[in-house]
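Please open the model in your viewer and keep the sequence panel beside it. The tour goes from the whole chain to selected side chains, with something to select at each stop.

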Amino acid sequence: ERVSCFLDAFRGVMHKPSWEGREMPTIHLYNFAKGEDNVEEVMCRADEALGVKVDREQVSWREVRLVAPGKMMMYCRFKLPRGLLV
């Protein structure tokens, strides 16, 4: 259930010169949420894993399905933030 299982792999490996003038990669993320605000719950975990905040206005999302009572599978798509660049 933890998005940090792979998102933290982007920390410190993307170099600014390589991404100058280029669009940042798009992340397609499936995750589970149990709270009132499912998108914010998933994106807070993504922020924590990446070490930078993802701009919520750039996130597209949808509820995939209810996998258990009170547990929703979520799909979120967003560009990696430029704040990751070293």
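## A tour of the chain

Begin with a cartoon view of this predicted model, and follow the chain from the N terminus, along which its elements run α-α-β-α-β-β. That order is made up of three helices and three strands. If you switch to the C-alpha trace, its atoms fill a box of roughly 45 × 20 × 15 Å, taken along the principal axes.

Next, show the surface and colour it by atom type: the accessible surface comes to about 5,400 Å², and carbon and sulfur atoms account for 52% of it. Of the 86 residues in the chain, 37% count as buried. A contact map is useful here too, since among contacts between residues at least 6 apart in sequence, 65% join residues at least 24 apart. Selecting the charged side chains brings up 14 positive and 13 negative ones, and the centres of these two sets lie 5 Å apart.

**Stop one: the aromatic side chains.** How many aromatic pairs does the count come to? The count comes to one aromatic pair. Select Tyr30 and Tyr75, whose ring centres are 5.0 Å apart and whose planes meet at 50°, so that the pair is classed as tilted. This pair links distant parts of the chain, with Tyr30 in strand S1 (residues 26-33) and Tyr75 in strand S3 (residues 71-79), 45 residues apart. Are the two partners buried or exposed? Tyr30 is partly exposed, at a relative accessible area of 46%, whereas Tyr75, at 12% relative accessibility, counts as buried because the cut-off for that class is under 20%.

**Stop two: charges over rings.** Select Trp19 together with Arg22, and look for Arg22 over the face of the Trp19 ring, at 4.3 Å from the ring centre. Then move to Phe32 and Lys71, where Lys71 lies over the face of the Phe32 ring, at 5.1 Å from the ring centre.

**Stop three: Phe78.** Return to strand S3, where Phe78 has its place, and display the side chain, which belongs to a residue that counts as buried at 1% relative accessibility. Which residues surround Phe78 once its neighbours within four places in sequence are left aside? Expanding the selection by contact brings in Pro25, Thr26, Ile27, Leu29, Met43, Ala46, Leu50, Val54, Gln58 and Val59. For one of these, Val54, you may also draw a C-alpha distance to Phe78, which comes to 7.8 Å for two residues 24 apart along the chain.

**Stop four: two polar residues of helix H3.** Select helix H3 (residues 38-50), in which Asp47 is placed, and in which Asn38 is found as well. Are these residues buried or exposed? Asp47 is buried, with a relative accessible area of 12%, and Asn38 counts as buried at 12% relative accessibility. Around Asp47, not counting residues up to four places away in sequence, the contacts to display are Val52, Lys53, Val54 and Arg56. Around Asn38, with sequence neighbours up to four places away again left out, the contacts are Ala33, Glu63, Met72 and Met74.

To finish, keep Val54 selected and show both Phe78 and Asp47: Val54 appears among the contacts of Phe78, and Asp47 touches Val54 as well.

Terms used. Residues are numbered from 1 along each chain as its sequence is written. This is a predicted model: local features need pLDDT of at least 70, side-chain atom pairs count only at pLDDT 80 or more; totals for chains, interfaces and linings use all residues. Side-chain values use heavy atoms; hydrogens and water are left out. Helices (H or I, at least four residues) and strands (E, at least two) are DSSP runs, numbered from the N terminus. Buried means under 20% relative accessible area, exposed over 50%, partly exposed in between (1.4 Å probe, protein chains only). Contact means heavy atoms within 4.5 Å. Accessible areas come from the Shrake-Rupley method with a 1.4 Å probe; for residues, only the protein chains shown count as cover. Lys and Arg count as positive and Asp and Glu as negative; His and the chain ends are not counted. The place of a charge is taken as NZ of Lys, CZ of Arg, CG of Asp or CD of Glu. Rings of Phe, Tyr and Trp (its six-membered ring) pair if their centres lie within 6.5 Å; planes under 30 degrees apart count as stacked, over 60 as edge-to-face and the rest as tilted. A charge sits over a ring if NZ of Lys or CZ of Arg is within 6 Å of the ring centre and within 35 degrees of the ring normal.
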